[in-house]
Amino acid sequence: MAPPIGQTCWAIAEGYIPPDDTDRPPEFVSHETVCLLNTSDQDAHVEIVLYFSDRDPVGPYQVTVPARRTHHVKFNDLEDPEPVPRGTDYASVITADVPIVVQHTRLDSRQAELALLSTMAYAG
């Protein structure tokens with residue numbers, strides 16, 4: 001087996017979930033997603049901490065990515081220790097106990113023409 005790829009610390013400097021747009025089917029509701037890839041032979045225990053411009057950080061949110069798997073986590077679905085606020089700018093730092101790869105994706109459905117953005121996180 002090849003050595004795992006990735007890093008153990010990542011940052012996404014940009015985050016924003018538009019306020020609820022409940023008139024759309026669930027797959028078209030605006031959301032932010034962190035895509036996690038674990039190529040190692042061990043489960044990755046991941047922590048996500050959110051940073052804001054006007055208050056203390058929130059977290060960690062805990063996620064497990066099984067060995068040799070990918071897991072996509074919608075920030076909209078994070079609830080513990082508290083839901084991610086809508087309509088608020090935030091940034092996130094993602095740490096793991098084994099190297100992983102992190103990608104950030106946003107679907108903005110506030111207009112009829114959907115906007116999809118995807119970018120690699122910064123590996124620290």
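Reader: Is Cys9 buried, exposed or partly exposed?
Author: In this predicted model, Cys9 counts as partly exposed, because its relative accessibility is 28% and the partly exposed class lies between 20% and 50%.

Reader: And Cys35, buried or exposed?
Author: Cys35 has a relative accessible area of 12%, so it falls under the 20% limit for buried residues.

Reader: How many disulfides does the structure hold?
Author: The structure holds 0 disulfides.

Reader: Turning to the backbone, which peptide bond is cis?
Author: The bond from Gly59 to Pro60 is cis, and its omega is near 5°. Most peptide bonds are trans.

Reader: Where does Pro60 lie?
Author: Pro60 belongs to strand β4, which covers residues 58–65.

Reader: What about the phi of Arg68?
Author: Arg68 is not a glycine, yet its phi is positive, at about 55°. Most residues other than glycine have a negative phi.

Reader: Where is Arg68 placed, and is it buried, exposed or partly exposed?
Author: Arg68 sits in the loop between β4 and β5, the latter spanning 69–74. With 45% relative accessibility, Arg68 counts as partly exposed.

Reader: What of the overall fold: how many helices and strands?
Author: The chain contains 0 helices and 8 strands.

Reader: How much of the chain is buried, and how much area is exposed?
Author: Of its 124 residues, 36% count as buried. The chain exposes about 7,000 Å², with carbon and sulfur atoms supplying 52% of that area.

Reader: Lastly, what share of the contacts joins residues at least 24 apart?
Author: That share is 70%, taken among contacts in the chain between residues at least 6 apart in sequence.

Conventions:
Residues numbered from 1 in each chain as written. Predicted model: local features only at pLDDT ≥ 70, side-chain atom pairs only at ≥ 80, totals over all residues. Heavy atoms only, no water. Disulfide = S-S within 2.5 Å. Buried < 20%, exposed > 50% of the residue type's maximum accessible area, 1.4 Å probe, protein only. Helix = DSSP H or I, 4+ residues; strand = E, 2+ residues; numbered from the N terminus. Contact = heavy atoms within 4.5 Å. Areas by Shrake-Rupley, 256 points an atom, 1.4 Å probe, with all protein chains shown as cover.
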